[in-house]
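Visitor: I should like to learn how the features of a model are read. Please take me through them in order.

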Amino acid sequence: MGAVLVETNASPFEKTEVDAITVDIIENALSNAREEMDAVLFRTAMSPGIREQGDCFPMIANREGKMVVGQFGSFIRGFLDAYEGEIEDGDIILTNDPYMCNAAVSHLPDWLVLVPIFKDGRLIAWSAMFGHMSDNGGMVPGSIPISAENIFQEGIQIPPTKIYKKGVLQEEILELILHNVRTPEWNRFDLNALIASCRTASKRCVELAERFGDEVFDTTLSIMLDRNLIAMKAIIQMLVPEDEPCIFEDYICDDGVGMGPYKIKCKMWREGEKAIFDFAGTDPQAKSSVNFYVNEELFKMFFGSFTINLVDPQIVFNDGFYDLVDVRIPEGTLLKPTYPAALSGRTHALGRLFDVLGALLGQGAPDVLNAAGFSDSPHLFYSGYDDKGEWFQLFQIGFGGIPGRPVGDGPDGHSLWPGFTNVPNEFIEAYFPLRISAYETIPDSGGAGLHRGGNGLNVAYEFLCDGKIAIHDDRWLTYPWGVNGGKPGLRSTKQIMRADGSSEYLPSKCDGIEVKKGDVLHFNTWGGGGWGDPLQRDAELVLTDIRRSLVSVDGALAYGIVIEGSADDAPSLRVDAAATKALRAKMANERESILLFDRGGTIEEIKARCLEETHLPPPEAPSFPS
Amino acid sequence: MSYRLGVDVGGTFTDLLLINEETGETHSAKVPSTPADPSVGVLLGIERLVETASLDLSNIDRVMHGTTIATNAVLTGKGSKVGLITTKGFKHILQVARSFCPGGLGGWVSYVKKPLLAPLELTIEADERMGADGKVVAGLDEDALRRDLDALHKTGEVEALTICLVNSYLNGIHEQQVQKIAAEKFSGVPVSISSDVVPEMQEYERAETTVVNSYVRPEVEKYVTNLESALEKRMGADTQLSILRSDGGLASGRSAAERPVNLLLSGPAGGVSGAIYFCSRGGYDNVLTFDMGGTSTDVALIQNSTPRIRRETRVGDVTVRSPSVDVRTVGAGGGSIAFVPELTKALRVGPESAGAEPGPAAYMKGGKLPTVCDANVVLGYLPSDVQLGGAMQIDKEAAVTAVKTVADALGIGVMEAAEGIVKIANEAMFGALRVVSVEQGFDPREFALVGFGGAGPLHANALGTLTGAWPVIIPPGPGVLCAYGDATTRIQDEASRTYVKMMKNVSLPALKEELVALQERAESSLLADGIAREDLVVSYQMDMRYVGQAFQLTIDFDKAELDAKGTALFVESFDEEHTRLFTFALEDGHEVVMLRAIVYAKNAPLPELKVVDSAGSLNDAKIAETEIFYNGKTHKATIYARGALGSGHVVPGPAIVNEMDSTTVILPGHIASVDPVGNLLIKPEETH
């Protein structure tokens, strides 16, 4: 069974000859349309999460549901298989249920809008957009309850549902949904914005088909898919070894309810022209909400988007190469949990997959290997009633250190996620009972290397009203690793300085924490790992970083650099050349070898030092019911 | 007899236009720019004009000037060393910026951040805090500041100083306090403070804008002073120098030098103003402008002969909060390089450009790679033979050889490849025109399209076909259009402040008080320049949004409208505009974000300008017969001399109209008529 497509015009699409230049022109126009989708969304959305931070993802697919432009891959075929009903001109489908759309979205706060694009009675394409809503109901404000044990606790589940039927808004359904969330007006507006964005794409597709002809348009989309197929074929030959599989393991530090770390393991190899990614050996699913239900096609997309720039930076990236990649994820694991496992806290495993992927691809080619980076999007929630008795609910995404890379140092306090930006502090202070008393990078938090890892951020939130906070972060236990001799970056910490003079370290994942007026939370994110041998870094560059307050005088020792002069008088600082030479020689002598990956020790060693270094007890090794 | 002089200093040429303010008679000159000291080129041009117009220099009362000096300082990274003072805890404000890595998924892998315009080693913190309500949370620690200023001064590196403190957009008292203390140490160093330069919410954008102001300020100040004194020496002390700002208004030399951040798009604004001048006189008040140069193309939308103004200005990687004519730029120009990636066999054009050096292959300056310009040569749009009307020495064979590399990679003929390159470049420019029209809710078919700049007239006809914007207008002297713009605009200034309030809580009397205060601020610079109060005209703007939106819309209004309708005026206008842009409006939730007063000086009206008008026949204008390639076929075409065309002439396509610094292509199936103003109006044949 599955969806039944209703087309009033039964004439089939004939493949036709399209010259290369017309393809290039349509390709260009479609990528403009995709950018316009973002622009429309940002201008009309209301919640800070979408409009300031850009937490949303657009797509245009061909009539078969293959993504032609976009970045998070197509899920339309999965949806079509799962949906029982007719699809007609004017329908707009809304869903947020990962289990009902083959994990097209991976947790409930992501609302996905899907629009079939019809022209003259025939389906010519699809547009889709999903965005992170401020709230989805459920146990906690922001709807990412750490301790949830099943998806029912995470708020309203919307199976694929027509929110517009033949062009008519299904108002009662909409009101039913909005009645279940804490921020109904934000969601209403954001949903409007998602729909406006998809409609824009629909309009552009219809215009293109009018300009060039429906047949040419349809054929061109196939050609664009083929271009990616050809490019990726070459890339796979280049990067994926046939004989010796690459294996990499990384971790998410804990599940927020006392167990961890959870292993993500992947083995990569090539059979003929096919690349295979096998996640056998990944830990079973967690009891709490840190599971990440991975759509295999989404992972293919990660792989492609990471590598395709190597051959044609201007190519409009799409999923034409999917048949070249085989992703195997065992059922019941952290990456493919069994229904109704909780999913809302999936961001850590999602981010970590990028580190895993980067490490796998870089093993055979250290020159293109990046260190471990800011592979997460940490969240802070702060909610309560302000002095006027009005409900407020803040959702903030954190930023941190981009890793050291072959092209150079990692930027400090930036985002790995496409399109994400921080929210201006003055904006936050104007609209929420908060004062930001520091917003600065943490010196030495970027791993030392020939190319330094970017620094993490220290954001000091002073709460001006009593309320509750929730924190979602990771890499507090395991390190953002360095590569090719580079050192790991500093890990994340969360410390709250109470107005009464006491202070405490908060776990990396917690919710329902009460805060009082005057309390200050230091939300410290982690730094990126270093790239290459720090002993080879130009001493003057290290000195400049010191003058720029990005590295400390003591921190310079990690590069084997000895500084003379007073730290209080930055211009007076000089590199002590003789002492530096001696120290570098000594360090080079004492180290055993240059590590491809420096993880800062084994899990056992890290756990043994845990309480002392992080002020938090180590998590227990996960135990899984067999 | 009094004259005004328009001067546009571009990267390569300095254009001058002299207007007799009584008769409307014009004279123009083009001389090479002198980058080391641009005033040298300006004076040289003036001498040239004086020779041809034989007039007394003291008759020139007003010099109106567009300049790229601030733009170039930013683009080449050759501005001043800027020291920055932030609030304690925010010293990394520029380092972190908005945390944004450009590019898609994985874009961070290759992202290289540009050096900060105020380096961190010259950044210090002030221990103070202003609240989000504009009230002081913690006073300034003056002793600590003096110590840190001392250390900063000792570096000996600071050439300009910027102060940007958190929440100063609500209350600038701490910034003023810091400025006073800094002046003790840094006498003679220009200081820019953010509450003065751009009192708007968002600390990073405000800091960056104020820093950019400092970054270009010493250079601009020096330039303006040099030019002013050179002009005075040559023309007398009563000569008034005005400089065109990014928003298309003129500012006095003095006020421009204090706020050079407002000059970043002075160049393109001049082009847009010049285009408006000729289009409106031809009866076209709604136009799309299309200014194609060597490396990039600027487009803008003009409604009712008024350009849309954007609240930010972008130059290269730098974005500042400063009003500018809403010009969108795409990296496609005559010098854009075409290539074919080996695997995908796609034809790509740009963003790499051959620039002026080594330039297109056809220009014989060492360039070998095929460019858009070469494709134009291959297709016959740019006649290669001077005898055929080509103004420059052009090597057609070199162009063919270059384009053949692309043709071979694609497995198609040279002509087809050349046409492909031109089509793809046109598509990129079409994309930019869509951004300013369709994406803003405007139908381009309701506009005319005006092409200018070195390559604009070559591509304008094709862009007319893509957009459906007819007629396509090629104004007289498309290469000196900026100077026309400079000479025909008004002196203006503005003042704005953040005013965040729900519309329902806005009190009309309080609002009016704010507007009066803003008006006083805005007119102060004009009054200081000696303009009489009765010659000033004021208008207002309010930026609004639905509460929670990041996007804001600007509503223009004047006092009479406000008196008549009260705050209902804003709600109505906003809903109308929002519906046009996004197809919907909400019933409530209207929020005010910013208020602004714009004050300009009434100009004495200019008589109609007289441009060259030939009395000869169309036949007299023919230079030669040639061939062009279009739509897969070779067509016979005629080359005409623009200077020999006059009002009423109708040029049938395919044709090429040639003049000193520009070439216009009229495609098969189109005709071009010359209107009384001197514009070439290109239209499809059947609509004639």
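Guide: We begin with contact: two residues are in contact if their C-beta atoms, placed from the backbone, lie within 7 Å. In this predicted model, local features need pLDDT of at least 70 and side-chain atom pairs count only at pLDDT 80 or more, while totals for chains, interfaces and linings use all residues. Residues are numbered from 1 along each chain as its sequence is written, and chains are lettered from A and ligands numbered from 1 in the order in which they are written.

Visitor: How many residues does each chain bring to the contact between chain A and chain B?

Guide: Chain A contributes 65 residues and chain B contributes 56. Elements are named by a rule: helices (H or I, at least four residues) and strands (E, at least two) are DSSP runs, numbered from the N terminus. On the side of chain B that touches chain A, at least two residues each come from α3 (93-96), α4 (142-154), α7 (203-235) and α12 (414-436) of chain B. The most come from α12(B), with 6 residues.

Visitor: Which classes of residue make up the side of chain B that touches chain A?

Guide: The classes are fixed beforehand: Ala, Val, Leu, Ile, Met, Phe, Trp, Tyr, Cys and Pro count as nonpolar, Asp, Glu, Lys and Arg as charged, and the others, Gly among them, as polar. That side of chain B has 27 nonpolar, 18 polar and 11 charged residues.

Visitor: What confidence values accompany the complex and chain B?

Guide: The predictor gives the complex an ipTM of 0.92 and a pTM of 0.89. For single residues there is pLDDT, the predictor's confidence in each residue, from 0 to 100. Chain B has a mean pLDDT of 89, with 96% of its residues at 70 or more.

Visitor: How is the overall form of chain A to be read?

Guide: One uses the radius of gyration, taken over C-alpha atoms, and the globule rule, which is 2.2 Å times the number of residues to the power 0.38. Chain A has 12 helices and 26 strands. Its radius of gyration is 25 Å, close to the 25 Å that the globule rule gives for 626 residues, so chain A is as compact as a globular protein of that length. Its C-alpha atoms fill a box of roughly 80 × 60 × 55 Å along the principal axes. Of the contacts in chain A with a separation of 6 or more, 73% are between residues 24 or more positions apart.

Visitor: And what does the same reading give for chain B?

Guide: Chain B contains 18 helices and 35 strands. The radius of gyration of chain B is 26 Å, close to the 26 Å from the globule rule for 688 residues, so this chain is as compact as a globular protein of that length. Its C-alpha trace spans about 80 × 65 × 55 Å along the principal axes.

Visitor: Where do the domains of chain A lie?

Guide: Domain bounds come from an automatic or database domain assignment. For chain A this gives domain 1 (3-232), domain 2 (365-532) and domain 3 (534-593). The centres of domain 2 and domain 3 of chain A, taken over C-alpha atoms, are 27 Å apart. Between these two domains, 13 residues of domain 2 are in contact with 11 residues of domain 3.

Visitor: How is the length of a helix judged?

Guide: The expected span of a helix is 1.5 Å times one less than its number of residues. Helix α5 of chain A (residues 184-212) has 29 residues and reaches 42 Å from its first C-alpha to its last, close to the 42 Å expected. Just after α5(A), A:G213 takes a positive phi of about 100°.

Visitor: Is B:V657 buried or exposed?

Guide: A residue is buried if 20 or more other C-beta atoms lie within 10 Å of its own, exposed if 12 or fewer, and partly exposed in between, with C-beta atoms placed from the backbone. B:V657 is buried, because 27 other C-beta atoms lie within 10 Å. It belongs to strand β32 (residues 655-659) of chain B. Beyond its neighbours within four places in sequence, B:V657 is in contact with B:Y640, B:R642, B:V651, B:T664, B:I666 and B:L680.
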